Amino acid sequence: MSAAVDAVGILGIGSSLPERVLTNFDLEKMVDTSDEWITKRTGISERRILEKEKAAYELGACAAIKAIEDAGIRPSDIGVVLATTSTPDYLVPSTACLIQEKTGAANAAAFDLNAACTGFVYGLTVAKQFILTGFCKYVLVVACEALSKVVDWKDRNTCVLFGDGAGAFVLGPAEKGFGILDSYLKSDGSQGRVITLPCCHMEEEDIAKRAGKAKNVLWMDGSEVFKFAVKAVTDAIDGLLEKAHIKLEELNLIIPHQANIRIIDGAAKRLKLPDEKIYTNIHKYGNISSASIPVAVEEVVRAKRVKKGDYLLFVAFGGGLTWGSTLVRWNR
Ligand code: UT7
């Protein structure tokens, strides 16, 4: 057992993105779409695609190694490796175990958590408990996703939206009043069939939805998810601010899951948020599911857009359906 701590902060950050860029113009040659449609309806210009022979966990391990170095700890100091993914390379072994091996975190427990695009926000909350209770001192949370392996490249409704990438945080003890202050997590399984990615079993409705298309691929009712997402973002921000007794004006930066620029703009308009208080990078990467928040946080930190004491709010939504948010007072 480690000594119980008062606060849990983000001690190290890393990210890793595949080198290969797939632009909207490339997609024009693959499906009946246009750069104009994709840009206008989603805000995406390009996305990164993992090489076919590479695994998502390799991206995750690369992000994790950078986060461990950034935290200035040894891999053997890590007590838990938690991987968030909805595109595991293997169901067994877990992505977390594969990353444990690659990073040398030999003393860690390792497991995966799937809350689709909300996975990283869920993962931070779970990871925090291990440290607060004294189970261990450091937890490595890694989001790694390769949506390119599960989309139907003939389905223009989905293939233009997603990309691949990974991001990782090392969490550990922080000064009281700093770090991960609070979180708000929700799910509604009754609406879950609007985004599906079957694995070991397919029900009749899954087969019907994919009629004439590749099987075992991601399927989404885009407009239903869109309506849900706009409400979910507002609920997760309002819900957390109320729970944590913080005012919207006190937030320095909101880092939302990057699924569609219109979802982000819609929420910003509802909340009357100025543009500079909400971070977007969707034009470069598309939707990289649970990796979108840590990849964005890494960029924000590298660009020196945050300083100690700033209030950041991460907000995400996605399959399950799941949604949630994390409030952080920057501790570095
Ligand atoms: O990570 C969490 C999960 N995902 C999301 O948050 C995604 C949420 N949904 C969305 O972002 C949007 O609903 C989409 C971007 C998926 C679609 O945008 P939309 O404005 O809701 O379009 P729509 O589904 O209402 O489709 C409008 C039209 C349709 O044509 P018809 O039926 O009006 O003739 C589609 O077939 O646009 C067509 N369309 C396309 N056209 C060109 C759909 N995809 C494409 C495409 N290129 N790639």
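**The ligand shell, helix crossings and unusual backbone geometry**

Helix 8 supplies four residues to the shell around the ligand, the largest share. The model discussed here is a predicted one. Helix 8 spans residues 222–244 and is one of four helices that each contribute at least two residues to this shell. The others are helix 2 (35–42), helix 6 (156–159) and helix 9 (261–271).

In total, 23 residues surround the ligand, and those that come nearest are T33, R41, N260, R262 and N287. By class, the shell comprises 11 nonpolar residues, eight polar residues and four charged residues.

Individual polar contacts give a more detailed view of the site. A nitrogen atom of the ligand lies 2.7 Å from a polar side-chain atom of T33. With N287, a polar side-chain atom is again involved, here placed 2.7 Å from an oxygen atom of the ligand. G222 takes part through its backbone, a polar atom of which is 3.0 Å from a nitrogen atom of the ligand. On its own, the ligand has 950 Å² of accessible area, of which the protein covers 72%.

Two packed helices are described by the angle between their axes and the distance between the axes. Helix 8 and helix 9, both contributors to the ligand shell, have axes that come within 9 Å and cross at roughly 45°. An angle of this size falls outside the ranges counted as roughly parallel, roughly antiparallel or roughly perpendicular, and therefore the two helices are oblique to each other. Their crossing is right-handed.

A second helix pair can be described in the same terms. The axes of helix 3 (residues 56–71) and helix 4 (residues 95–103) come within 9 Å and cross at roughly 55°. Because of this angle, helix 3 is oblique to helix 4. The crossing of helix 3 and helix 4 is right-handed.

The backbone also deserves attention at several loop positions. V92 and P93 are joined by a cis peptide bond with omega of about 0°, and P93 belongs to the loop between strand 4 (78–84) and helix 4. Another cis peptide bond runs from G320 to L321, where omega is near -10°. L321 sits in the loop connecting strand 12 (311–318) with strand 13 (322–329). A116, although not a glycine, has a positive phi of about 50°; this residue is located in the loop between strand 5 (109–113) and helix 5 (119–132).

Definitions and conventions
Residues numbered from 1 in each chain as written. Predicted model: local features only at pLDDT ≥ 70, side-chain atom pairs only at ≥ 80, totals over all residues. Heavy atoms only, no water. Near = heavy atom within 4 Å. Polar contact = N/O pair within 3.5 Å; in protein donor to acceptor, adjacent residues only side chain to side chain. Areas by Shrake-Rupley, 256 points an atom, 1.4 Å probe, with all protein chains shown as cover. Nonpolar A, V, L, I, M, F, W, Y, C, P; charged D, E, K, R; others polar. Axes fitted to C-alpha atoms, helices over the stretch in contact; angles between N-to-C directions. Parallel < 35°, antiparallel > 145°, perpendicular 65-115°, else oblique. Left-handed = near helix turned anticlockwise from the far one by under 90°.
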